[in-house]
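Student: Could you take me on a close look at one part of this model? I'd like to start from a single residue and see what surrounds it.

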Amino acid sequence: MERSDHRPATMIQGGAVFPHRHLTGIDGLQPHEIAFLLDEAENWVEANRTHAKSAAPLAGLTQINAFFENSTRTLLSFEIAGKRLGADVVNMHAAQSSVKKGETLIDTAQTLNAMRADVIVIRHMSSGAVKMIADKVDCAVLNAGDGRHEHPTQALLDALTIRRRRGTIANQRVVICGDVLHSRVARSNILSLTALAAEVRVCAPSTLMPKAIERMGVTAFTDFDAALEGADVVMMLRLQNERMDGALVPSPREYRLRYGLTEQRLARAVPGAMVMHPGPMNRGVEIDSAVADGPQSAITEQVAMGVAVRMACLDVLTRRARGVEAW
C-alpha cells in the first residue's frame with residue numbers, strides 16, 4: 001500500500017505521528033495513529049512472505065514476553081515477530097512462576113525492570129494490570145491482553161485484515177457476535193473500528209451484552225439474523241466460560257441455534273462478506289466448520305496479519321530507545 005504522504009513515516013505536520021511510549025490499549029489513540037500502525041504493518045506483510053527475512057532493526061535488544069495468562073497462539077505470534085526483527089526473545093511463563101507463590105504485581109514489575117529489557121509484552125488475567133506494570137518500568141510495554149479490558153494488537157490485526165480484504169474500513173458494516181460481555185477483543189475492536197469510521201453492530205444474548213454499550217457508538221442486537229442483514233464483515237467470538245459467573249446461556253446447543261454462524265445465516269450478509277474469528281474457535285457452537293473453512297473465511301489471514309502487526313508495534317515502540325531519527 002502506498003502512503004498518501006511522502007514525509008518520513010514517523011512524522012506528520014512536524015511532530016511524532018505515534019508519540020506514545022507504550023501500547024496498553026486502543027483507547028486514547030487517534031484515528032491517524034491507528035492508521036499509522038496499520039501502514040507500518042503493511043511493510044512487514046510482504047517481507048514475511050519472502051524467504052530472506054533479513055531486516056533486523058531490533059538486533060541487540062531484549063524482548064521479554066511475560067504471560068501471566070496462558071495463550072499459545074498469542075505468545076507464539078509475539079515470539080516469531082520479535083525473532084524476525086532480530087531481538088533476543090525471552091518467554092516468561094508467569095502463570096507457572098513465582099507469582100503463584102505470593103509475589104505481587106509490583107514485585108514482578110520491579111523484577112522485570114531490573115532485568116533491563118528493551119520491550120516487555122504482557123498478558124494478564126486482571127484488567128489494568130498491564131498499565132500498572134507499564135507505569136513502573138523504564139522500557140516500552142505492549143499489552144497482549146488484560147482481563148476484560150483490551151487486546152490492542154488483536155484489534156489492529158483485525159483492522160488490517162479487513163482493510164486488505166475489503167479495501168477500506170470506513171463505512172463497512174461490521175457485526176461482532178458472541179460473548180461481548182467478557183471479551184477484550186470486542187472492546188478493542190469496537191474502539192478501533194468506530195475510530196476508523198466503520199458501522200459496528202454487536203450481537204449477543206442479553207446476559208452477555210454489556211449495559212449501555214451503545215455509548216461506544218455501536219448498535220446492539222439480540223437477534224443475530226437481524227444483525228446480519230447487509231453485513232460486510234462478520235466477526236464471531238467464543239463463549240468464554242472461564243470468565244463467566246454462573247450459567248449465562250442455556251446450553252451450547254441452544255446457543256448455536258440462535259447465535260451460531262451457519263452457511264444459511266451467512267447468506268443474510270452481503271455477497272462475499274468476510275468471516276472472522278480471533279480464535280480459538282468452538283466449532284459447531286459459535287461457528288460451523290463449513291463457514292470457518294469456507295471461501296469467505298479470513299481466519300488464517302488474521303493469523304498472518306498478527307505477526308506483521310506485532311512486528312510493526314515492536315518496531316515502533318522501540319524506535320526511541322534505538323535512537324531512530326524522525327520519531
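Tutor: Sure, here is a walk that starts at one threonine and moves outward to the helices and strands around it.

Keep in mind that this is a predicted model. Our starting point, threonine 153, sits in helix α5, which covers residues 152-166. Is threonine 153 buried or exposed? Its relative accessibility is 0%, and because buried means under 20%, threonine 153 counts as buried. So what does threonine 153 touch? Leaving aside residues up to four places away in sequence, its contacts are Leu23, Phe78, Leu142, Asn143, Val309, Arg310 and Cys313.

Let's follow some of those names. Phe78 belongs to α2 and Arg310 to α11, and both help make the contact between these two helices. As background, a pair of packed helices is described by the angle between their axes and by how far apart those axes are. For helix α2 (residues 72-84) and helix α11 (residues 299-317), the axes come within 8 Å and cross at roughly 55 degrees. That angle is why α2 is called oblique to α11. The crossing of α2 and α11 is also right-handed. On the α2 side, the contact uses Arg73, Thr74, Ser77, Phe78, Ile80, Ala81, Gly82 and Arg84, while α11 brings Val303, Gly306, Val307, Arg310, Met311 and Leu314. Sort the residues of this α2 and α11 contact by class and you get seven nonpolar, four polar and three charged.

Now for the sheet. Leu142 and Asn143, two more residues that threonine 153 touches, have numbers that fall in β6 (140-146). Four strands make up this open sheet, in the order β4-β3-β5-β6, with parallel pairing. Which strands stand at the edges? They are β4 (88-92) and β6, and each has a single partner strand, so one side of each has no neighbour in the sheet. From one strand to the next, the twist averages 15 degrees. The partner of β6 is strand β5 (residues 119-124), and the two pair in the parallel sense over five bridges. Look for histidine 124, which stands opposite aspartate 146 of β6. Helix α11 turns up here again: α11 lies across β3 (62-67), β5 and β6, and runs at about 150 degrees to β6.

Back to α5, the home of threonine 153. This helix has a packing partner too, namely helix α6 (residues 184-195), and the axes of α5 and α6 come within 8 Å and cross at roughly 50 degrees. So α5 is oblique to α6. The crossing of α5 with α6 is right-handed. Where do they meet? Pro152, Gln154, Ala155, Asp158 and Ile162 of α5 meet Val185, Ser188, Asn189, Ser192 and Leu193 of α6. This contact of α5 with α6 counts five nonpolar, four polar and one charged residues.

One last stop is strand β8 (residues 199-203). Four of its five residues are buried, so β8 is largely enclosed by the rest of the structure. Strand β7 (residues 173-177) pairs with β8 in the parallel sense, over five bridges. Within that pairing, arginine 173 has glutamate 199 of β8 as its bridge partner.

Terms used
Residues numbered from 1 in each chain as written. Predicted model: local features only at pLDDT ≥ 70, side-chain atom pairs only at ≥ 80, totals over all residues. Heavy atoms only, no water. Buried < 20%, exposed > 50% of the residue type's maximum accessible area, 1.4 Å probe, protein only. Contact = heavy atoms within 4.5 Å. Axes fitted to C-alpha atoms, helices over the stretch in contact; angles between N-to-C directions. Parallel < 35°, antiparallel > 145°, perpendicular 65-115°, else oblique. Left-handed = near helix turned anticlockwise from the far one by under 90°. Nonpolar A, V, L, I, M, F, W, Y, C, P; charged D, E, K, R; others polar. Pairing = 2+ DSSP bridges.
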